[in-house]
Structure formats: structure tokens, C-alpha cells
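Subject: The structure we talked about

Hi,

Here is the structure I promised to pass on, with my notes below it. Have a look at it first, and then read on.

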Number of protein chains: 2
Amino acid sequence: MVELSTTKDGTANQAEQSDRVLQILAEAARLFATKGYDGTSMRDIAVACGISKSLLYHHFSNKDEIYARVAVGSTLELYLFVRDRVPDGPPSQKIRAFMIATAEYFRRYRWAWIASTTAFWNDPDRHRQKERLTRRDRFENFLRGLIQEAIDAGEIRKLDVPMTGRLILSSLNWMHRWYNPNKTATPEQIADIFFDMVFNGLCNPDFGVPPTGEQPKPARRKRAGK
Amino acid sequence: MVELSTTKDGTANQAEQSDRVLQILAEAARLFATKGYDGTSMRDIAVACGISKSLLYHHFSNKDEIYARVAVGSTLELYLFVRDRVPDGPPSQKIRAFMIATAEYFRRYRWAWIASTTAFWNDPDRHRQKERLTRRDRFENFLRGLIQEAIDAGEIRKLDVPMTGRLILSSLNWMHRWYNPNKTATPEQIADIFFDMVFNGLCNPDFGVPPTGEQPKPARRKRAGK
DNA sequence: TTTTTCACCGACCGATCGGTCAAGCCCGCT
DNA sequence: AGCGGGCTTGACCGATCGGTCGGTGAAAAA
């Protein structure tokens with residue numbers, strides 16, 4: 001049930017949490033993810049935990065802190081989580097590992113992931129907002145580095161790096177809107193399928209140029225060139 | 001400013017709206033998109049429009065109806081909008097047109113799009129919720145039909161159709177989280193870039209198999225086969 | 001045994017929520 | 001001038017919001 005703070009205990013700053021705190025964080029994450037921050041009241045959280053509302057304020061100073069612990073606290077180590085799962089090897093395989101690791105993170109911390117990525121980005125707390133953006137940028141820049149590696153190694157085309165990163169992250173970030181944990185495929189398997197599609201492309205290599213070359217807009221078949 | 005109900009007037013059910021109603025819908029869409037449904041109060045909408053809160057209830061029966069008009073009313077014709085912009089031609093080009101048309105819709109009805117796609121999906125109104133899902137499914141099934149066409153024509157590989165559709169829609173649906181209208185690229189241009197990336201793939205065709213074939217997991221290079 | 005600590009609770013607070021209502025304002029019509 | 005009817009308003013409602021407060025009971029510390 002509780003899925004928070006499972007980083008190796010060495011990197012984690014908060015060593016042990018009381019069961020109650022973990023329960024509150026887990027229930028709050030689920031509620032924030034399904035009903036949103038403003039749609040979730042402190043009463044909702046208390047009722048979900050089977051405790052009084054006052055007890056929430058005994059363990060947390062206010063609602064924002066609960067959300068911060070859910071969103072920031074559990075997203076704390078996304079970058080480290082993924083980085084540790086990207087092994088040495090061909091850059092394109094590192095991108096694949098990046099995608100699969102991100103999907104694993106999504107599967108493990110699903111509610112907290114949804115709660116933090118669907119939150120509205122005007123956090124009144126400036127410092128926290130800035131820290132969140134810093135973390136996100138570090139994560140995104142890590143992917144961009146991998147893409148640049150793959151380009152330098154000649155494994156992928158000379159594409160716009162930020163745009164390529166956005167495409168890859170889009171496929172992962174939108175997953176929570178349609179993923180059903182009761183279905184067969186795991187997020188990791190889905191990420192692997194997406195990697196294959198994005199890396200190798202949808203087009204059939206046996207099929208050359210479409211019969212009638214309509215709409216001669218931008219790049220269609222010239223795959224290597226800039 | 002007002003960006004709602006611009007369908008040709010023939011297809012639209014509501015012919016002319018008072019300026020006030022259009023203003024309310026536009027401001028409400030912007031607020032719902034930036035602060036969420038629960039984060040937006042009727043006072044917020046009234047203040048944004050420079051009118052009294054009571055006036056909102058003169059034009060709309062309640063908050064839900066305003067949201068419904070923003071989300072459902074303006075998303076009403078996404079399927080028709082896109083369908084009318086997908087011309088005859090090679091199936092892969094129809095997919096490209098689908099993506100660009102969807103991006104155009106996003107650009108035109110940006111706030112309403114964001115408000116409706118970021119809403120939490122437990123609509124208390126059963127009928128409306130069902131209608132929304134029906135619309136979304138019709139839109140998604142349209143894309144799946146195009147993908148199946150492209151497979152049958154041999155233009156794209158024999159991939160899992162629903163999964164391929166999800167990848168394409170992810171690239172478009174996540175755009176609102178990072179798109180900046182002040183930047184140079186239009187959504188349509190971005191969609192075009194994404195189509196190129198997804199259709200032709202990231203991989204460099206000049207580059208064969210990576211030097212060391214690590215991780216012999218699923219499909220890596222066999223592009224035509226099932 | 002006495003004292004301190006701490007998880008925990010019921011009652012309550014001011015503010016704000018969505019929503020109502022009776023009454024004014026404004027403007028064209030007769 | 002008189003009048004009817006939409007547009008518009010401020011005052012107000014009960015409910016719920018996030019948050020506070022004084023206290024209870026049991027275990028740990030003394």
C-alpha cells in the first residue's frame with residue numbers, strides 16, 4: 001500500500017516514517033491524483049485514513065505540506081532513479097533504458113506521479129516551485145544528453161534535440177491518462193513498445209515512396225540529412 | 001478574444017451568442033485551464049469578466065453548466081473539425097493531416113482544450129460524462145481507422161493499432177504542458193515535426209545495427225515483420 | 001509513583017464556497 | 001409619459017473550506 005520513500009535509505013533524507021504518516025501520504029496521493037488538489041479536502045484525507053482531521057495537523061502543518069511531501073518528496077529522486085537504471089552501452093539503448101526506467105517509476109509511484117504531474121503549476125510557494133522546475137529540468141536535460149550522444153554516435157538522425165526529448169517524454173507523461181493497471185501490459189512493456197515505434201518509426205521499410213507524392217512539405221523520406 | 005463556436009454556423013447548434021455569454025465562456029475557459037475546476041470560483045469568473053456573480057446565474061444555471069459549455073460545447077466538433085481536414089490520399093499522409101488538424105484545433109481553442117483535457121474524469125453528471133467519452137472514442141477510432149488503412153496499404157508496419165494511436169495522441173495531448181504561444185513554432189509545425197519523427201523514426205538509416213548488440217529484448221531492427 | 005510526552009479527538013472559528021432573491025436600471029415600444 | 005421586460009446588482013443563505021484549541025488517555029521517562 002505505502003509506496004513512498006523507498007530510495008535506498010542511504011540517499012533518502014527521511015529515514016523512517018511512522019506508519020500513520022505513510023498512510024496519510026498514500027491516501028492523500030491517491031486522492032490528489034483522482035480529485036485534484038482543490039477537489040480534495042482535509043476531511044476527505046482524514047476520512048480515507050479513518051482518523052480525525054485534527055490528527056492531520058498533528059503530523060503536518062497544513063494542506064500544502066502534505067501535497068509537497070506527496071509531490072516533491074516522492075518525485076525527489078526521479079532523476080537518480082532513472083540515472084541508476086541507464087547502463088553503459090549504445091546511446092540508443094540508453095534512451096530505451098531511460099524510457100523503461102521512467103515507466104517503472106510511474107508504475108511504482110503511480111498516485112504520487114499523477115498528483116504531481118496534474119497539479120497546476122502556479123505554486124504559491126516560490127522556492128518549492130523553483131525546486132520542482134529544477135528537478136524537472138535536470139531530468140529532462142539528462143534525456144537530452146542521451147539524445148545528443150545518440151546523434152553524435154550516428155545512431156539517430158540529426159534532429160532537434162529538445163523536440164525529440166519532448167516527443168519521448170510525451171509518450172510517457174500521457175500514459176497515466178489511459179493506463180489501466182488491471183490490463184496485461186506493464187508500463188515497462190508499453191515504454192518498450194513506444195521506444196520501438198519512435199526509434200524505428202512506423203513506416204514500412206519495404207514500402208518506398210507513396211504512389212503519389214502529394215504534399216511536398218517538410219522532410220518525408222530523406223532520413224539521414226539534416 | 002472569444003474563440004468559441006466558430007464552426008461554420010451550419011453545423012453549430014447554437015447560432016448566435018450574446019457577447020456577454022461569449023465573454024463569460026472565454027474567461028471561464030482561461031480560468032478553468034489555468035487553475036482547474038475546483039480552483040476556479042464563480043467569483044473568480046465574475047471578477048475576470050468585470051460583472052457581478054449574480055449575472056453569471058442569469059446566463060447559466062450553475063457552475064457545472066458553464067464548465068459543460070466550455071468543455072463539451074467547444075470540444076463538440078473536434079471529430080468533425082479534424083475529419084474535414086483529412087483529405088484523400090496516401091493513408092500515411094492522412095495521418096499527418098490528422099495530426100496537423102488536431103494541432104490546429106488545439107491552437108484555436110487552446111483554453112477550452114486545456115480545460116477539458118485536464119478536468120478530472122469523474123463527472124457527476126452521468127449522461128454528460130458518457131457523451132464526452134463517446135466523442136473522445138469517435139475521435140480516437142477515427143485515427144485508428146487511418147492507422148489500419150496505412151497498415152493495409154503497406155505504408156506502415158503491422159503494429160498494434162490502439163497502441164500506435166496512443167503514441168500519436170500522446171504527442172499531441174501533452175503539448176499543452178510545454179507549448180509556449182510566444183515562441184516561433186506553431187502547433188501545426190510541431191505536429192508536423194512529430195509526424196516525421198514518429199513515421200520515419202529517430203534512427204539513422206545509414207547506421208545499421210549498433211556495434212555491440214546488447215539487450216536482445218523485443219523487436220529492434222526487423223522493421224517489416226509482425 | 002509522579003511527571004512528561006505524544007498520538008489523537010470533538011468542538012469550534014472566520015472565510016469562502018455555490019447559489020438565491022427581490023429589487024433596481026435601462027431602453028425601446030406604445 | 002407610461003410601461004414592460006431583459007440585464008444587472010448587492011445582500012444574503014446554508015454548507016463547507018482550511019485551520020485552531022483545549023483536552024484525553026496511555027505509554028514512556030523520571
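Which element gives the largest share of the surface near DNA strand D? The answer is H3(B), with four residues. Before going further, please keep in mind that this is a predicted model.

**DNA strand D**

Let me stay with this strand for a moment. There are 16 residues around DNA strand D, and those that come nearest are Met42(A), Lys53(A), Lys63(A), Ser52(B) and Ser54(B). Sorted by character, the residues of this surface are four nonpolar, eight polar and four charged. On the DNA side, sugar or phosphate makes up 45% of the strand D atoms within 4 Å of the protein, and bases make up the rest.

Some of the phosphate contacts are worth finding on your screen. Met42(A) has a backbone N or O atom 2.9 Å from a phosphate oxygen of DNA strand D, and for Thr40(A) a backbone N or O atom is 3.4 Å from a phosphate oxygen of that strand. Chain B takes part through His58(B), where an N or O atom of the side chain lies 3.3 Å from a phosphate oxygen of DNA strand D. As for elements, two or more residues of this surface come from each of helix H2 (42-49) of chain A, helix H3 (53-59) of chain A and helix H3 (53-59) of chain B.

**DNA strand C**

Now turn to the other strand. DNA strand C is surrounded by 16 residues, and Arg20(A), Ser54(A), His58(A), Lys53(B) and Lys63(B) are the closest. Of the strand C atoms that come within 4 Å of the protein, 49% are accounted for by sugar and phosphate.

Which element gives the most to the surface near DNA strand C? Here H3(A) does, with four residues. At least two residues each are supplied by H3 of chain A, helix H2 (42-49) of chain B and H3 of chain B. The make-up of this surface is four nonpolar, eight polar and four charged residues.

Three phosphate contacts to look up here:

- Arg20(A): an N or O atom of the side chain is 2.8 Å from a phosphate oxygen of DNA strand C.
- Met42(B): a backbone N or O atom lies 2.9 Å from a phosphate oxygen of DNA strand C.
- Ser41(B): a polar side-chain atom is 3.5 Å from a phosphate oxygen of DNA strand C.

**How the two chains are related**

Chain B is superposed on chain A by a rotation of 180° with 0.0 Å of shift along its axis, at an RMSD of 0.0 Å. That is why the relation is that of a two-fold axis. To find the axis in chain B, go to Gly201(B): its C-alpha is the nearest to the axis, at 1.7 Å. Both copies use the same surface, since 100% of the contact residues of chain B recur in chain A.

**Chain A by itself**

What does the secondary structure of chain A come to? There are ten helices and zero strands. Chain A has 226 residues, and 52% of them count as buried. Among its contacts with a separation of 6 or more, 64% are between residues 24 or more positions apart. The accessible surface of chain A is about 10,700 Å², with 52% of that belonging to carbon and sulfur atoms.

Happy to go through any of this together.

Best wishes

Methods. Residues numbered from 1 in each chain as written. Chains lettered and ligands numbered in written order. Predicted model: local features only at pLDDT ≥ 70, side-chain atom pairs only at ≥ 80, totals over all residues. Heavy atoms only, no water. Near = heavy atom within 4 Å. Polar contact = N/O pair within 3.5 Å; in protein donor to acceptor, adjacent residues only side chain to side chain. Nonpolar A, V, L, I, M, F, W, Y, C, P; charged D, E, K, R; others polar. Buried < 20%, exposed > 50% of the residue type's maximum accessible area, 1.4 Å probe, protein only. Contact = heavy atoms within 4.5 Å. Areas by Shrake-Rupley, 256 points an atom, 1.4 Å probe, with all protein chains shown as cover. Least-squares fit on C-alpha atoms with pLDDT ≥ 70 in both.
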